[in-house]
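Trainee: Before we look at anything, could you take me through how a sheet and the cysteines of a model should be read?

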Amino acid sequence: FKRLNLTAPTMLEYLEYQRPPYVQFYYDRGVPSSVSSDQIWEWYLAAANHHENKLFMDSVPAISNLLNNGCKIVLVTGQKKKTIEHILQAHYCPKLFDHMLCETMPSKTPHFLEACRLLNAEPEQVYAVGDVAWDMIEAREANLIPIGIKRCDEKVDEILRRAGATRVITSLYDLLI
């Protein structure tokens with residue numbers, strides 16, 4: 001949006017309305033249709049500067065605690081695998097997950113089902129933790145238990161619940177309860 005001198009959507013708009021086809025979110029907000037989805041992705045990666053990304057403070061200790069308590073964890077993300085590996089390496093935790101399913105575009109639903117297969121678990125036994133509405137919708141489509149995680153504004157709670165979250169947490173530590 002900044003590159004095109006457009007007003008950027010709020011974080012709440014992004015969390016509620018960003019969904020496949022992802023490029024449509026941008027076109028609906030003024031990005032010309034002549035701009036390809038690959039170009040938008042390239043601009044996003046340049047702006048996001050993942051080499052300097054910090055993990056939320058609870059991520060490594062809470063996930064490590066879950067793993068130490070016998071939980072199996074599969075990361076399902078639309079992010080590129082090399083980006084995730086770089087972030088994990090930078091935080092000294094390259095083996096934080098049992099499995100990683102990356103670049104899950106345009107839909108996470110089949111990847112959620114693959115995660116269940118990797119975990120040798122029925123979907124109804126598996127939690128899917130996500131921070132956007134679409135994560136909750138796709139978790140429900142796969143018959144997983146959708147849990148929203150609120151990392152910003154209070155209104156995110158409402159957005160995640162409307163999208164189907166059975167529970168909304170503010171920290172990964174809340175999964176230990």
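Mentor: We will take the sheet and then the cysteines. This is a predicted model, in which local features need pLDDT of at least 70 and side-chain atom pairs count only at pLDDT 80 or more, while totals for chains, interfaces and linings use all residues. Residues are numbered from 1 along each chain as its sequence is written, and side-chain values use heavy atoms, with hydrogens and water left out.

Trainee: In what order do the three strands of the open sheet lie?

Mentor: Strands are DSSP runs of E, at least two residues long, and helices are runs of H or I of at least four, both numbered from the N terminus; two strands pair if DSSP finds at least two bridges between them. Here the order is β3-β4-β5, with parallel pairing. The edge strands, each pairing on one side only, are β3 (127-130) and β5 (167-169).

Trainee: How many bridges join β3 and β4?

Mentor: Four bridges, in the parallel sense, link β3 to β4 (residues 145-149), and V129 stands opposite I147 of β4. Helix α7 (residues 133-141) packs on the sheet and touches β3 and β4, its direction making about 170° with that of β4. Contact means heavy atoms within 4.5 Å, and angles run from 0 to 180 degrees between N-to-C directions of axes fitted to C-alpha atoms, for helices over the stretch in contact.

Trainee: Why is C93 not bonded to C102?

Mentor: A disulfide is a covalent bond between the sulfur atoms of two cysteines, counted here when those atoms lie within 2.5 Å. The closest cysteine sulfur to that of C93, in C102, is 14 Å away, which is too far for a bond. A search of the whole structure finds zero disulfides.
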